[in-house]
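Visitor: Could you take me on a close look at one part of this model, the place where the ligand sits? I would also enjoy a few words on the backbone and the packing elsewhere.

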Amino acid sequence: MSKVEDLKNCVFKNPNEPIEARVKDLLSRMTLQEKLGQMTQIERVVATPSAIKDLCIGSILTSGGKGGFDKLSPSDWAVMVDEFQKSALESRLGIPLIYGIDAVHGNNFVFGATIFPHNIGLGATRDADLARRIGAATALEVRASGIHYTFAPCVAVCKDPRWGRSYESYGEDTEIVRKMTSIVSGLQGQPPQGHPGGYPYVAGRNNVIACAKHFVGDGGTQKGVNEGNTALSYEDLERTHMAPYLDCLSQGVSVVMASYSSWNGKKLHTHHFLLTEILKGKLGFKGFVSSDWKALDRLAQPHGSNYRSCISSAINAGIDMVMVPYRYKLFLEELIFLVESGEIPIARIDDAVERILRVKFTAGLFEFPLSDRSLQNLVGCKAHRDLACEAVRKSLVLLKNGKDPTKLFLPLNKNARRILVAGTHADNIGYQCGGWTASWQGSSGSITVGTTILDAVKKTVGVETEVLYQQYPSKDTIEHNEISFAIVAVGEGPYAESKGDNSELVIPFNGADIISSVADEIPTLVILISGRPLVLEPWLLEKIDALLVAWLPGTEGQGITDVIFGDHEFKGQLPVNWFKRVKQLDTVALGVDACDPLFPPGFGMRYEENL
Ligand code: GLC
């Protein structure tokens with residue numbers, strides 16, 4: 001009989017059958033090669049129709065590299081993903097693949113997508129419902145591009161801002177991070193009452209498979225070194241860094257990604273106790289555990305232990321799907337050797353494949369494997385940009401308002417005669433968005449569709465108001481223009497992962513000099529665009545009339561002017577401790593009091609307090 005003929009009446013093909021029956025039936029029909037193929041995730045650039053079909057590849061991803069994707073339209077993306085999917089459906093059993101991407105603050109690799117504030121800004125809002133709504137909007141924009149799976153949310157609890165991924169964390173307080181895990185219910189949809197905790201859930205075609213990462217303790221490494229070592233008792237690890245995963249599991253998160261980092265000297269990717277005994281056993285996680293990018297290769301460094309032993313350690317520890325992502329032929333050769341030699345039991349393989357199939361069935365991909373083109377007009381739509389604007393407004397934290405309590409500086413006057421807008425970050429969408437935007441490391445300039453701070457000021461002020469703009473304002477500009485007030489936007493350039501590890505934490509691009517040169521002559525509001533607290537010297541703070549931190553707000557700069565010109569209230573509160581000096585960070589383990597912060601967690605001024 002033809003393939004289609006002898007399969008169409010199988011249990012696994014019947015959507016009315018219970019998912020567990022479909023998983024069991026399909027698994028029983030799979031060859032070892034097909035099982036191992038499902039455990040393999042490859043990067044798009046090496047994905048060929050024959051590899052996908054013949055090797056039964058389980059997943060493809062777009063990494064953050066500058067793959068030129070910043071020019072593809074959502075429709076181009078959907079066509080590309082569907083082509084890969086058609087190859088998967090031509091395999092012997094027609095198992096659909098899942099296409100994954102880092103949609104970590106909107107569908108950030110797709111040109112024109114709405115870019116939401118990075119997680120640290122959302123942590124400043126402490127608004128769980130906002131996070132859920134952002135998740136739902138992000139899911140729509142991801143599915144509009146034909147993509148099924150996002151490597152988000154990052155639920156790291158960042159204990160040291162020197163970490164290059166601190167902005168991917170909702171904050172240093174476990175309870176804030178726990179609250180913001182509500183984004184999972186937005187991304188995947190809200191599970192029905194009584195949904196079993198730990199069991200994956202994806203509501204339908206407008207939702208995506210979500211991935212909680214990086215399990216566990218990625219934000220607690222010593223001195224914030226990325227992929228470093230988290231030295232904690234099990235009780236502290238569980239209480240501080242594991243707690244948000246329980247909230248993700250209770251919402252049916254489908255995937256958990258293992259961390260590159262170590263716990264007390266042992267790599268998470270080889271940690272059977274944490275990945276299997278705790279996550280899958282004690283916590284009852286029934287989705288699948290993904291490795292991180294090339295993590296198995298990195299296990300071989302620096303001692304050079306061979307790749308085969310790294311595969312054995314990781315799979316036996318509980319990794320189910322491996323983000324290879326390039327050398328998949330070698331990976332599969334080694335893996336089949338390890339299984340046939342008995343070093344990896346077939347039971348471990350079956351457990352991994354069951355979990356992967358369970359997620360695919362739950363996500364409805366056997367019934368709806370191809371993209372829904374009707375969603376495409378939602379990418380960057382007004383409703384989503386309005387939502388992003390709301391998020392920006394709520395994320396702003398006001399740190400100073402006036403040089404003395406009786407003389408408040410904000411809100412600004414929309415009808416001032418002449419305003420100077422200055423600074424490296426005043427007219428730069430790329431800087432507003434930060435890393436993981438258009439490309440892995442992000443970049444400067446007009447990298448996508450959005451509203452800069454300068455654009456927003458021009459839209460907000462009265463028709464009689466003149467707006468001057470200079471990144472680095474000249475002495476002449478500052479002194480000879482009778483300027484009513486200045487808005488100076490400075491901060492960090494984009495970065496991601498280890499490239500963002502930083503032990504100085506000073507305002508880059510001579511930001512302090514720009515502030516100083518302007519504030520010496522003109523009443524000045526400083527807007528800090530940054531993924532974390534930065535050093536603010538007392539002499540600088542004294543010069544500034546008002547100071548707010550906007551974190552990495554994304555494409556909707558209008559959210560900033562909505563608040564500084566008084567149309568909306570400040571609501572944001574620091575989700576982190578704002579240190580005075582970097583060396584205090586080595587004592588932060590002793591608690592906020594011990595490090596005498598410049599601004600403590602929870603700090604955030606309001607207009608209403610002064611009205
Ligand atoms: C990266 C990151 C992880 C990301 C993955 C795929 O190295 O650690 O957060 O999801 O690779 O880009």
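Guide: Happily; we will begin at the ligand and then move outwards along the chain. Please keep in mind that this is a predicted model.

Let us start with the residues around the ligand. The aromatic ones are Phe 151, Tyr 260, Trp 293 and Trp 436, and they share the surroundings with Met 257 and Met 323. Also in that ring of neighbours are Asp 102, Asp 292, Glu 497, Arg 165, Lys 213 and His 214. Several polar approaches can be picked out here. In the side chain of Asp 102, an N or O atom is 2.5 Å from an oxygen atom of the ligand. Arg 165 brings a polar side-chain atom to 2.8 Å from a ligand oxygen, and for Lys 213 the distance from a side-chain N or O atom to an oxygen of the ligand is 2.8 Å. On its own the ligand has 310 Å² of accessible area, and the protein covers 97% of that.

Stay with Lys 213 for a moment, and look at its backbone. The peptide bond joining Lys 213 to His 214 is cis, with omega about -5°. Both residues are among those that surround the ligand, and His 214 belongs to strand E5, which spans residues 211-215. Such a bond is worth a second glance because most peptide bonds are trans. Another cis bond runs from Leu 410 to Pro 411, where omega is near 0°; Pro 411 sits in the loop between strands E12 (397-401) and E13 (418-422).

The backbone has something to show at Lys 294 too. Although not a glycine, Lys 294 has a positive phi of about 55°. You will find Lys 294 in the loop that links strand E10 (288-290) with helix H12 (295-299).

For helix packing, turn to H7 (residues 128-143) and H16 (residues 382-395), whose axes come within 10 Å and cross at roughly 145°. The crossing is left-handed. H7 contributes Leu 130, Arg 133, Ile 134, Ala 137, Leu 140 and Glu 141, while H16 contributes His 384, Leu 387, Glu 390, Ala 391 and Lys 394. Sorted by class, this contact holds 6 nonpolar, 4 charged and 1 polar residues.

Our last stop is Val 467, in strand E14 (residues 466-470). Beyond its neighbours within four places in sequence, Val 467 touches Ile 419, Val 421, Leu 454, Val 457, Lys 458 and Val 461.

Definitions and conventions:
Residues numbered from 1 in each chain as written. Predicted model: local features only at pLDDT ≥ 70, side-chain atom pairs only at ≥ 80, totals over all residues. Heavy atoms only, no water. Axes fitted to C-alpha atoms, helices over the stretch in contact; angles between N-to-C directions. Helix = DSSP H or I, 4+ residues; strand = E, 2+ residues; numbered from the N terminus. Left-handed = near helix turned anticlockwise from the far one by under 90°. Contact = heavy atoms within 4.5 Å. Nonpolar A, V, L, I, M, F, W, Y, C, P; charged D, E, K, R; others polar. Near = heavy atom within 4 Å. Polar contact = N/O pair within 3.5 Å; in protein donor to acceptor, adjacent residues only side chain to side chain. Areas by Shrake-Rupley, 256 points an atom, 1.4 Å probe, with all protein chains shown as cover.
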